[in-house]
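I opened my notebook to a fresh page for this one. Follow along with the structure beside you, and look up each entry as I go.

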Amino acid sequence: MSGKFLARASALSLAVLLAACGGDDDSAPIVNVGSDGSNPETSTGGDDSTGNNSGDDEASNTSVIALGTGSEGNFTQGQIEASTTNLAPGENDALLPGGKAVLQVSIVDQQNGNTLLTGEEMSVSFTSRCVDQGRATLSANPVTASSGIAQTTYTAAGCVGDDLVTARAAGAEASVMLNVEASEPLAFVTLPPEPNSISPTDTSGNATEARAPVSDVPFRLIDENRNGVEQQNVTFRLFPADSDSTLSSETGTTDSEGYVSAVVRAGSTHEVVRVIASTTNSEGEPIETTSAPIAINSYIPTERNFALGLNTFLPDAWRINGTQVEVRVDAADRKGNAIRGNTIINFTTSNGKITPDCELNDSGTCTVTWESLNTREARPEIVAYTQGERLISGTDCHLPSSDCSYEFATLENISTLVQSSSDNVQVTLTDAGGGEYCASTSTTINDEVDGPTTVAPPSGTTIEFSTTAGTIITESQASKTIGSGKNLVAESAYVACVDAEADATATEPSILKVVVTPPGGNPVEDFVNL
C-alpha cells in the first residue's frame, strides 16, 4: 500500500467577520475584515484631529472570527487538528479502515489577539466527500461550542483515499486532509438474485421485463468492519459448470459500497444454477462464495398440459341474452411447470359471445367470460387455442434427464356446454325395481339445426323426494341439486334415484313424491305408489 499523509493542512482558510443581528448596546457585532486583517468599516484612516475616538469605540465592539489550531500566539489559521488512532504501521500516518481521528478546531477572535471565543455558543459544521457519501461518520455534527473549542470524532466507514474535511462557522473555514487506506477484503455477502426464477431464453414472448430470461445476482465484498471494499476485481462462474445458461460477463469490479453483480442469461433447459464469485486478498488468498439458486423454468405450453374448463356446463341460458359462464384455461410446460405469464390464449365460440383472449398469470391460469347471445344451438362449443409444442417421442418427460422430443404446434382444447332452460321442465318418477325409484327430469329446446332437443335442466335445479306412509331408506338421497353439469352435456336428462319402502302398518296409501324446481321456473312433480 502506498503511504499517504493523514493530516495535510489546507492552505484554504478564510477570516470572516459576521455582522451581529439584534442585541443591545453591549453586544459585540461581528463584521468583515480586509485581507490585511484591518476592519474597513471601523478604521478611521488617520488621526482624529478633534480627538474624537468614536471609531475606536466601534472597533472594540466587534469580533473577527477565525478557525484554526491553538490560540493567541500559537494560533494557526485555516487548519484542523487531527489526533488519530488505528494507523497503518509504517504507512506515514495513513488511517486504517474503521480507524478514528479526533478533529479539533479553535474558534478565535482575531480582534482580541486570537483569544478563544468564549461565553457564547457557536455552531461549527463539518463536511467531507466521504461524510457526504455516508462512507465516514462524525460523532457530532454540527458541534455547538461555548468554550472556543469544537471537537468531533471522524470514523472511516468505507472511505478510501484522500478525504478533505472542512469546518465552517460564521463564514470562517479550516480544513485537514485525511487519508484512509484501502480496505482489506474479508468475505462476500450474498444477496438474493432478482428475480430468482426466470424463463428459458428461447421461450416465445418471454424476453420481457415481466418474465425475462435474465437475473441479476448481487454480491457485496466487505472488510472486517463490515464496510464495503471498493475497486476490487471479482470473477464469476456458473455452477454446475456444464449449465446451459451463460453469464453476460465473467468479471466485475466492486463499486464504492463494495457491490458487484453478475447477470445470468438462461439457456433453453429447465435447471437450477448458482453463481460463484471469487477474489483474493492482499496476500493472494482466495475469497469465494456461492449465490442463492436461480430456477430456470416455465417453457411453453405442451399439448398434454393444456386444459379448458367451465364453471358451469348447464347454464340457464336458452332464449336469454347475457347469461354468463366463466371459462378458465390452465397450461403447463413439458415438465409440468405452470406457464408463468406472457402466453396469450385465444378463444372462439359457435354460439354466444366470448372475450377474445387472455394472458396466463404466474399460476399458469387465465379466465374469460362467455355470454349467451341469440341462442340457436343447444350445445355450443368453446375453443381455446395457443402456440406451444406436442410430444413426438419419449417417456417420463417430466424427469430432468429425459430425452423426449417435441415439435412446435398450435394447441387447441374444446369444451361443449348446454344452453338449458328453466322453462318446460318435466319429471317422470318410475319404479326401478328392488325398492329403488328414479326420477328423470329434462327440458326441451328447439335447436336451429337439430330441431327439438332434450337436455338436462340447468345447474341449480333441485330434486326433492318425500313420502306419505312410507320411508326413504337413505335420508341423504332425499334431496339433490344439479351441479356444474360437466357429466350431463351429452345426456338428455338428469336422473336421481332413492331407495324407499311402504309403511306396512299404514291405513292410508303409501306414496313417494318428487318435486323438481329449476332456478328460474316453476316446480313440477310426479309420484308413485310404494
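**Entry 1: a sheet to start with**

This is a predicted model, so I keep that in mind on every page. I began with an open sheet of 4 strands, and I read their order as β35-β33-β37-β38, with antiparallel pairing. Which strands sit at the edges? They are β35 (479-481) and β38 (524-529), each of which pairs on one side only. I also noted the twist, which averages 15 degrees from one strand to the next.

Next I looked at how β37 meets its neighbour. Strand β37 covers residues 511-517, and 6 bridges join it to β38, the two running antiparallel. To find my place there, I picked Ile511, which stands opposite Asn529 in β38.

**Entry 2: the whole protein**

I stepped back to take in the overall make-up. How many helices and strands are there? I wrote down 2 helices and 38 strands. Of the 530 residues in the protein, 43% are buried. I then looked up the contacts with a separation of 6 or more, and 63% of them are between residues 24 or more positions apart. The accessible surface comes to about 26000 Å², and carbon and sulfur atoms hold 44% of that.

**Entry 3: rings that meet**

I turned to the aromatic side chains and found a count of 2 aromatic pairs. One of them is Phe188 with Phe219, an edge-to-face pair with 6.1 Å centre to centre and 70 degrees between the planes. This pair links distant parts of the chain: Phe188 is in strand β12 (residues 187-190), Phe219 is in strand β14 (residues 214-222), and their positions lie 31 residues apart in the count. Are these two buried or exposed? Both Phe188 and Phe219 are buried.

Then I checked Phe219 against Phe236. Why is this pair called stacked? The planes of the two rings are at 25 degrees, and planes under 30 degrees apart count as stacked. The ring centres of Phe219 and Phe236 are 6.0 Å apart. Because Phe219 lies in strand β14 and Phe236 in strand β15 (residues 233-239), the pair ties together parts that are 17 residues apart in sequence. Phe236 is buried, as is Phe219. I closed the entry by joining the names: Phe188, Phe219 and Phe236 form one aromatic cluster.

**Entry 4: charged partners**

A reminder to myself: side chains of opposite charge can pair when their charged atoms come close. In this structure I noted 9 salt bridges.

I looked up Arg135 and Glu230, whose side chains meet in a salt bridge at 2.5 Å, N to O. The two are 95 residues apart, with Arg135 in the loop between α2 (129-132) and β7 (136-138) and Glu230 in the loop between β14 and β15. Is Arg135 buried or exposed? Arg135 has a relative accessible area of 4%, so it is buried, the cut-off being under 20%.

Another salt bridge joins the side chains of Glu303 and Arg390, at 3.6 Å from N to O. Glu303 lies in the loop between β21 (294-296) and β22 (306-310), and Arg390 in strand β28 (residues 381-393), so this pair ties together parts that are 87 residues apart in sequence. Glu303 is partly exposed, with a relative accessible area of 40%, and Arg390 is partly exposed too, at 27%.

I also found Arg328 in a salt bridge with Asp330, where the closest N and O atoms are 2.7 Å apart. Here Arg328 is partly exposed at 39% relative accessible area, and Asp330 is partly exposed at 27%. Last in this entry comes a network: salt bridges that share partners join Glu303, Arg390 and Glu407.

**Entry 5: a strand with two faces**

Another reminder: in a regular strand the side chains alternate between the two faces of the sheet. I went to strand β18 (residues 259-265) with that in mind. Which residues make up its covered face? They are Val260, Ala262 and Val264, while Tyr259, Ser261, Val263 and Arg265 make up the uncovered one.

I finished with the neighbours of β18. Strand β14 is joined to β18 by 7 bridges, and the two run antiparallel. Across that pairing, Asp216 stands opposite Val263 in β18. Strand β16 (residues 246-247) is joined to β18 by 2 bridges, also antiparallel, and there Leu247 stands opposite Val264.

Key: Residues are numbered from 1 along each chain as its sequence is written. This is a predicted model: local features need pLDDT of at least 70, side-chain atom pairs count only at pLDDT 80 or more; totals for chains, interfaces and linings use all residues. Side-chain values use heavy atoms; hydrogens and water are left out. Two strands pair if DSSP finds at least two bridges between them. Axes are lines fitted to C-alpha atoms, for helices over the stretch in contact, and angles run from 0 to 180 degrees between N-to-C directions. Rings of Phe, Tyr and Trp (its six-membered ring) pair if their centres lie within 6.5 Å; planes under 30 degrees apart count as stacked, over 60 as edge-to-face and the rest as tilted. Buried means under 20% relative accessible area, exposed over 50%, partly exposed in between (1.4 Å probe, protein chains only). A salt bridge is a side-chain nitrogen of Lys or Arg within 4 Å of a carboxyl oxygen of Asp or Glu. Contact means heavy atoms within 4.5 Å. Accessible areas come from the Shrake-Rupley method with a 1.4 Å probe; for residues, only the protein chains shown count as cover.
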